[in-house]
Each structure stands twice: as structure tokens, then as C-alpha cells.
Amino acid sequence: MTSTMDLGGVVVATTLAFTEDDSAPAGLAVDYDKFAEHVDFLMSNGCRGVGPNGSLGEYSSLTDEERRKVIQVAVEAVDGRGIVIAGAHGVGSHQARKWAEWAREDGADGVLLLPPTLYRANEGEVIAHYEEVAKVGLPIMAYNNPFDTKVDLVPSLVAKLAEIPEVVAIKEFSGDVRRVYEIKELCDIDIIAGADDVLFELMVNGAVGWFAGYPNAFPKEAVELYNLLVEGKWLEARELYTQLVAVFRWDSRTEFVQAIKLSMDICGNSYGGPTRPPRGALSDEQRSQVTADTERALAALAARSAAVD
């Protein structure tokens with residue numbers, strides 16, 4: 001039976017809150033209560049769902065126990081209001097399949113799946129990886145992030161992955177907006193915008209959903225932007241996008257986790273906080289730039305809201 005999942009909407013790749021604790025890894029314990037509050041905040045602002053245990057959720061810095069509990073907390077906090085797409089990334093298919101099995105047991109609706117991490121797999125190995133995880137039976141959103149994995153899921157390879165019934169979508173993070181057309185020409189798969197700073201271009205070209213980073217800080221505005229794009233209100237959408245794209249660019253930079261968490265703290269609606277190693281603190285210059293970009297976006301949004309009122 002072919003797996004299906006309605007991916008229309010803003011699915012937020014959630015950040016993860018930590019609190020200082022000398023007994024925890026790197027002196028930082030997962031704050032599950034703050035994480036649950038954040039998930040509720042996102043859902044209350046109209047998001048389609050959440051994507052815990054992605055890169056933004058610092059999955060690679062978590063213990064197995066923490067990583068599993070994050071999914072359980074997310075499912076409970078969403079409470080049927082939307083979908084949970086759990087990161088199931090692993091070095092090999094046996095690890096990734098384990099995470100997919102636990103995600104299914106814990107109530108996730110689907111999984112986000114990179115090619116094998118750390119190892120630069122060839123095409124046959126990539127396909128075998130997805131085929132193995134597909135045996136779990138959950139819908140799979142493949143994730144193309146050639147910068148971190150060194151494996152590029154080019155359109156011809158996406159078409160081969162789309163032959164696996166469970167692979168229902170591709171999160172496209174290459175930054176090449178031309179790929180939407182080529183993928184659509186080769187296969188029938190949902191294309192999901194995966195980089196915030198090419199959202200407008202990807203949606204205009206035919207992406208159907210947004211697996212998002214910066215909506216951790218701006219969920220209400222992100223949902224409005226997505227809806228304008230779906231409705232074909234391109235000029236209105238571009239005006240709003242223009243106010244946000246400078247800060248959205250941090251989603252595609254090396255320090256994106258730290259930047260988004262800082263923006264969350266500046267916006268004041270949800271807790272960002274520190275990151276676990278290997279992620280360190282932003283430099284003074286980076287911190288100043290993220291702050292300036294965030295405050296500029298907030299000022300533009302406030303002026304826009306005042307003009308409407």
C-alpha cells in the first residue's frame with residue numbers, strides 16, 4: 001500500500017531547549033518542559049506540524065534516550081493538532097531503521113531521512129538505505145542536504161527513490177530552485193521547500209510545503225507567508241518575504257542553529273538558549289548581525305501590522 005501524508009503547510013524543524021546541569025552531557029540537560037511549550041506555541045500559531053530531531057534539533061549531540069524522548073514529548077505536545085515528522089538520520093540503514101521503528105511506536109506520522117550520514121554513499125547505497133528504512137512502513141520525506149552529507153540527491157536519483165512507495169516527499173535544500181521543475185518532470189513526489197531563503201522561489205516553482213527553520217521565531221508570519229503563496233498572491237507574498245529574507249539567510253549558514261535560537265530569544269515568544277557541542281557560541285560579529293537582522297524584521301513586521309490596523 002502506498003504511504004500518504006498531507007504535507008501542505010509549515011512544518012517546523014524544531015529547536016531543542018537545554019538547561020544548565022553539570023551532570024548532563026556538556027553540562028546541558030534537555031529541558032523537555034520548555035520544548036513542549038515551544039511545540040504548543042508553534043501549533044497554536046497555525047503550523048502544520050513539527051519536525052523534531054533534525055539538524056536544528058541537534059539530534060547528533062543527543063543520547064539515544066534523549067533523542068527518543070524528544071519524539072514522545074513532541075507527539076504529546078502536538079496532541080493531534082497536526083503532524084510529527086521525526087528525524088531518523090543514521091550512519092547506516094540499521095541505525096536509521098531503528099529510529100524509524102521507535103518513531104512509529106511513539107506515534108510519529110512520518111520520518112525525515114537523510115542519506116547515510118558521515119559516509120559518502122554511492123547511488124546504489126543511497127537507494128538501499130531508503131529501501132531498508134521503508135520496511136518500517138512510515139511515510140518518508142527524503143532530505144537532500146549535499147552540504148552536510150556530501151551526497152547530492154539529484155533529480156534523477158530522487159526519481160528512483162520515488163519508486164519506493166513509502167518515499168512520498170523530498171525536502172530540497174540544495175538552493176537550486178531549478179530542480180523543482182526537473183523533479184516534477186521525472187516523477188510524482190511532493191517537493192518541500194527546505195531552505196528558508198529560497199522559499200518564495202521554490203513555492204512559485206511548485207513546491208507544496210515548507211519544512212522550515214526560522215518559523216521557530218516567526219511562526220505566525222511564516223504561516224501567513226505560506227498561505228499567500230499557496231493562494232497565488234505573489235506580490236503580497238513577496239512584500240512580506242522581503243521583510244524576512246535577510247534573517248532567513250541564516251538558515252543556510254553554518255551557525256544556523258545558534259542564529260535561530262538567538263532570534264527566538266530576541267523575539268521573546270519562545271526560548272532559544274544555548275547549543276551543545278560541537279556548536280559553540282556565535283562570534284561577537286555574528287551575534288551583532290543576527291540581532292540586527294532580527295530586529296529589522298521585527299520593525300518591518302510591526303510597521304506592516306500598524307498599516308493594516
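This briefing walks through one helix, two empty spaces and two buried residues. The model is predicted. Its largest pocket holds about 920 Å³ of space, while the largest cavity holds about 40 Å³. Helix α1 covers residues 32-44, and one of its buried residues, M43, gets a closer look further down.

**Helix α1**

- Start with a quick geometry check: α1 has 13 residues, so at 1.5 Å a residue it should span 18 Å, and the end C-alpha atoms are indeed 18 Å apart.
- At the start of the helix, D31 puts a side-chain oxygen within 3.3 Å of the backbone nitrogen of D33.
- Just past the other end, G46 has a positive phi of about 95°.
- The buried residues of α1 are Y32, F35, H38, V39, F41, L42 and M43.
- Those buried residues pack against three strands, namely β1 (9-12), β3 (28-30) and β4 (49-50), plus the helices α2 (64-78), α9 (219-230) and α11 (256-267).

**M43, a buried residue in α1**

- M43 sits in helix α1, and its relative accessibility is 8%, so it counts as buried, the cut-off being under 20%.
- Leaving out residues up to four places away in sequence, M43 touches R48, G49, V50, V78, R81 and G82.
- If you want a long-range distance to check, take M43 and E172: they are 129 residues apart along the chain, and their C-alpha atoms are separated by 23 Å.

**T117, a buried residue in a loop**

- T117 belongs to the loop that runs between β6 (110-113) and α4 (123-134).
- Loop or not, T117 counts as buried because its relative accessibility is 11%, and the cut-off is under 20%.
- A polar atom of the T117 side chain lies 3.4 Å from the backbone nitrogen of V91.
- V91 also turns up among the residues that T117 touches, together with Y59, H89 and G90, once residues up to four places away in sequence are set aside.

**The largest pocket**

- The pocket has about 920 Å³ of space, and 42 residues line it, with S55, N145, D148, F256 and R279 the closest to its centre.
- Helices α2, α3 (93-105) and α5 (146-149), along with strand β10 (209-212), each give at least two residues to the lining.
- Of these elements, α5 has the largest share of the pocket lining, at three residues.
- Sorted by class, the pocket lining has 18 nonpolar, 16 polar and eight charged residues.

**The largest cavity**

- Rolling a probe the size of a water molecule over the atoms shows where empty space is left.
- Searching the whole structure turns up one cavity of 30 Å³ or more.
- The largest cavity has about 40 Å³ of space, and its lining is made up of R68, I71, A86, G87, W99, W102, A103 and D106.
- Two or more of the cavity's lining residues come from each of α2, β5 (83-87) and α3.
- Helix α3 gives the most to this lining, with three residues.
- By class, the cavity lining has five nonpolar, one polar and two charged residues.

**Where the topics meet**

- Helix α2 takes part in several of these pictures: the buried residues of α1 pack against α2, and α2 also helps line the largest pocket and the largest cavity.
- Helix α3 likewise gives residues to the lining of the pocket and to that of the cavity.

Conventions
Residues numbered from 1 in each chain as written. Predicted model: local features only at pLDDT ≥ 70, side-chain atom pairs only at ≥ 80, totals over all residues. Heavy atoms only, no water. Helix = DSSP H or I, 4+ residues; strand = E, 2+ residues; numbered from the N terminus. Expected span 1.5 Å × (residues − 1). Buried < 20%, exposed > 50% of the residue type's maximum accessible area, 1.4 Å probe, protein only. Contact = heavy atoms within 4.5 Å. Polar contact = N/O pair within 3.5 Å; in protein donor to acceptor, adjacent residues only side chain to side chain. 1 Å grid on protein atoms, 1.4 Å probe; cavity = no way out; pocket = protein on both sides within 12 Å on 5 of 7 lines; lining within 4 Å. Points joined across faces, edges and corners; volume = space filled by probe spheres on them. Nonpolar A, V, L, I, M, F, W, Y, C, P; charged D, E, K, R; others polar.
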